[in-house]
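Q: Could you take me through one part of this structure slowly, looking at how charged side chains pair up and what surrounds them?

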Amino acid sequence: MNGTAPELIKQPNNNDSEYILEVKDLKKHFPIKAGFLQRTVGSIKAVDGLTFNVRKGETIGLVGESGCGKSTAGRTLIRLYEPTSGEILFKGKNVSNMSEGELRRTVRKNIQMVFQDPYASLNPRKTLKSILSEPMITHNLYSQKERKEKLDELLEKVGFNPLFINRYPHEFSGGQRQRIGIARALALNPDMIIADEPVSALDVSIQAQIINLMEDLQEQLGLTYVFISHDLSVVKHISDRVGVMYLGKIMELANKTDLYDEPLHPYTQALMSAVPVPKKKGVQTRERIILKGDLPSPANPPQGCVFHTRCPAATPMCSEQIPDFKEIKKDHFVACHLY
């Protein structure tokens, strides 16, 4: 647990730049059960103390290696997974302790999700019309005539011909299916969309089209995004701020320009060293940093700083004490004993 983390990020002051989402020391632990009686013998600490805020209209990227907990974090934010502890505040309301009924009435409509796999996230037995109408029917929105108008509007927004309305998912390509997923997320006019690796299953040329579509929709509709990805280049392109995750924790959080140009945390520096950069007069401008060892198991994370077992700058303190997540420069937060 980062002891001072929940208090370190400035709180909203009810003006135009207020935070739409506030996450305070969020944890999601999955129990490990064993034996005939299936007793709990441990836990997988998939998310282990996240603290960050999201401003209305911005895109915050969560990036990290596979297994760092970023997708679990996204699903926990909208309570597809129940949080183990911590607070999730959406427009000032505590989502983490809402009843299912209250959650459906006040949050489900306003926070939607775009999933990673466009082939698994759509029901193959339903037509495009049924897929896009279902959220409206579930939440009892619009008359039948208004739903027809809304469907045409959604198709237009994602670049589809209205004649596609009675087709099935298998009749579309991967990129087109992801457009359907985005249209479904827009059906309830949400304020925020959590995009969980929305382009990782697509060809590179199609990735650019989907990213550009999301940026256009954000500008048109004033959307707020939490964009989850392992691709540093994609995250840099679409995000305003970027949080770097490792073993369920955020190691560094900053404006994308500051983070990519001047990373402070040793883990962020190692990640950024792997990003290709142009050569100047035949000389590579960024030295490659190779991390030693393997990623520890979230079922048994290291004591102290979770990164110390692979950190080239680790000190004895790093194995004993968890670093505070603190603001080193304006809006630049780091969890590291070096600062």
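A: What follows is a close look at the salt bridges, with a short visit to a strand and a cavity.

The model is a predicted one, and the count in it comes to 13 salt bridges. As background, side chains of opposite charge can pair when their charged atoms come close.

One of these pairs joins the side chains of Glu-58 and Arg-241, with 2.6 Å from N to O. Glu-58 sits in the loop between strand S2 and strand S3, whereas Arg-241 belongs to strand S9, so the pair ties together parts that are 183 residues apart in sequence. Both Glu-58 and Arg-241 are buried.

Another salt bridge links Lys-329 with Glu-262, where the closest N and O atoms are 3.3 Å apart. Because Lys-329 lies in strand S13 and Glu-262 in the loop between helix H9 and helix H10, this pair ties together parts that are 67 residues apart in sequence. Lys-329 is partly exposed at 34% relative accessibility, and Glu-262 is partly exposed too, with a relative accessible area of 45%.

Strand S13, residues 325-329, also holds Ile-328, which is partly exposed with a relative accessible area of 31%. Together with Leu-338 and Tyr-339, Ile-328 makes a nonpolar surface patch of about 240 Å².

Leu-338 appears again in the lining of the largest cavity, alongside residues including His-265, Pro-266 and Phe-307. That cavity holds about 70 Å³ of space, and its lining divides into nine nonpolar residues, three polar and no charged.

Technical notes. Residues are numbered from 1 along each chain as its sequence is written. This is a predicted model: local features need pLDDT of at least 70, side-chain atom pairs count only at pLDDT 80 or more; totals for chains, interfaces and linings use all residues. Side-chain values use heavy atoms; hydrogens and water are left out. Patches are made of residues with over 30% relative accessible area and no salt bridge: like charges are joined within 9 Å, nonpolar side chains (Val, Leu, Ile, Met, Phe, Trp, Tyr) within 5 Å. Accessible areas come from the Shrake-Rupley method with a 1.4 Å probe; for residues, only the protein chains shown count as cover. A salt bridge is a side-chain nitrogen of Lys or Arg within 4 Å of a carboxyl oxygen of Asp or Glu. Helices (H or I, at least four residues) and strands (E, at least two) are DSSP runs, numbered from the N terminus. Buried means under 20% relative accessible area, exposed over 50%, partly exposed in between (1.4 Å probe, protein chains only). On a 1 Å grid over the protein atoms alone, a cavity is a set of points where a 1.4 Å probe fits but cannot get out, and a pocket is an open set with protein on both sides within 12 Å along at least five of seven lines; lining residues have an atom within 4 Å of a point. Grid points are joined across faces, edges and corners, and a volume is the space filled by probe spheres set on the points. Ala, Val, Leu, Ile, Met, Phe, Trp, Tyr, Cys and Pro count as nonpolar, Asp, Glu, Lys and Arg as charged, and the others, Gly among them, as polar.
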